[in-house]
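Here is a quick tour of a protein model, written for someone who would rather be at the bench. Have a look at the structure, then read on.

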Amino acid sequence: MIGSSGGAGLMERYDKAALNAAFVPEIRQNEGSLTSTLRTLLFFTALMITLPVGLYFSSKAYIFEGTLGMSNRDSYFYAAIVAVVTVHVVLAMFVYVAWSEGSRQWREGKQD
């Protein structure tokens with residue numbers, strides 16, 4: 001009786017170790033994927049905040065008022081167009097990166 005319960009305990013420990021070993025690579029792969037996704041999201045969030053605002057003020061001051069000599073009222077209008085186009089470009093870049101990253105992860109998952 002003692003030998004059989006000891007063997008069962010050994011078998012339970014072996015099964016738990018085998019289960020833990022099986023799930024560790026999958027969890028680490030998911031953590032890497034999550035980290036990559038979070039980095040991508042944070043990068044494009046920073047671009048979405050800084051790029052349109054920066055281009056709005058710089059194009060208004062240096063391009064439309066400085067170089068082209070437009071009035072203050074006209075430069076607001078054209079600088080806003082530059083900012084809106086910039087937002088659309090950043091969004092398109094985000095969608096492209098997210099799409100290509102998702103399809104790459106899907107293909108890697110299919111090969112396993």
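## The overall picture

Start with the contacts between residues at least 6 apart in sequence: 60% of them join residues at least 24 apart. Keep in mind that this is a predicted model. The chain has 2 helices and 0 strands. Helix α1 covers residues 2-67, and helix α2 takes in residues 72-111.

How much of the chain is buried? Buried residues account for 12% of its 112 residues. The accessible surface of the chain adds up to about 8900 Å², and carbon and sulfur atoms own 68% of that.

## Where the helices meet

Phenylalanine 44 sits in helix α1. It counts as buried because its relative accessibility is 8%, under the 20% cut-off. Setting aside residues up to four places away in sequence, phenylalanine 44 touches Val90, Met93, Phe94 and Val97. One of these partners, phenylalanine 94, is 50 residues from phenylalanine 44 in sequence, yet their C-alpha atoms are 6.5 Å apart in space.

Now pick out threonine 86, which belongs to helix α2. Which residues does threonine 86 contact, leaving aside neighbours within four places in sequence? They are Leu51, Pro52 and Leu55. Threonine 86 has 10% relative accessibility, so it counts as buried.

## Rings

The model holds 5 aromatic pairs. Among them is the pair of tyrosine 56 and phenylalanine 57, with ring centres 4.9 Å apart and planes at 80°, an edge-to-face arrangement. These two partners have their own exposure stories: tyrosine 56 is buried at a relative accessible area of 17%, whereas phenylalanine 57 is exposed at 53%.

Phenylalanine 64 and tyrosine 78 make a tilted pair, because their centres are 5.9 Å apart and their planes meet at 35°. Phenylalanine 64 comes from helix α1 and tyrosine 78 from helix α2, so this pair ties together parts that lie 14 residues apart in sequence. Phenylalanine 64 is buried, at 12% relative accessibility, while tyrosine 78 is partly exposed at 36%. Elsewhere, Phe43, Phe44 and Phe94 form one aromatic cluster, and phenylalanine 44 is the buried residue described above.

## Lysine 60 and its partners

How many salt bridges does a search of the whole structure find? The search turns up 1. Lysine 60 forms a salt bridge with glutamate 65, and the closest N and O atoms are 2.5 Å apart. Lysine 60 is buried, with a relative accessible area of 10%, whereas glutamate 65 is partly exposed at 27%.

Lysine 60 has a ring to deal with as well: its charged end sits over the ring of tyrosine 76, 4.3 Å from the ring centre.

## A nonpolar patch on the surface

Phe77, Tyr78, Ile81, Val85, Val89 and Met93 make a nonpolar surface patch of about 530 Å². Two members are already familiar here: tyrosine 78 is the ring partner of phenylalanine 64, and Met93 is one of the residues that phenylalanine 44 touches.

Is patch member isoleucine 81 buried or partly exposed? Isoleucine 81 lies in helix α2, and it counts as partly exposed because its relative accessibility is 38%. That value fits the patch rule, which calls for over 30% relative accessible area.

Methods: Residues numbered from 1 in each chain as written. Predicted model: local features only at pLDDT ≥ 70, side-chain atom pairs only at ≥ 80, totals over all residues. Heavy atoms only, no water. Patch = residues over 30% accessible without salt bridge, like charges linked within 9 Å, V, L, I, M, F, W, Y side chains within 5 Å. Areas by Shrake-Rupley, 256 points an atom, 1.4 Å probe, with all protein chains shown as cover. Salt bridge = Lys/Arg side-chain N within 4 Å of Asp/Glu carboxyl O. Helix = DSSP H or I, 4+ residues; strand = E, 2+ residues; numbered from the N terminus. Buried < 20%, exposed > 50% of the residue type's maximum accessible area, 1.4 Å probe, protein only. Contact = heavy atoms within 4.5 Å. Phe/Tyr/Trp six-rings, centres within 6.5 Å; stacked < 30°, edge-to-face > 60°. Lys NZ or Arg CZ within 6 Å of the ring centre and 35° of its normal.
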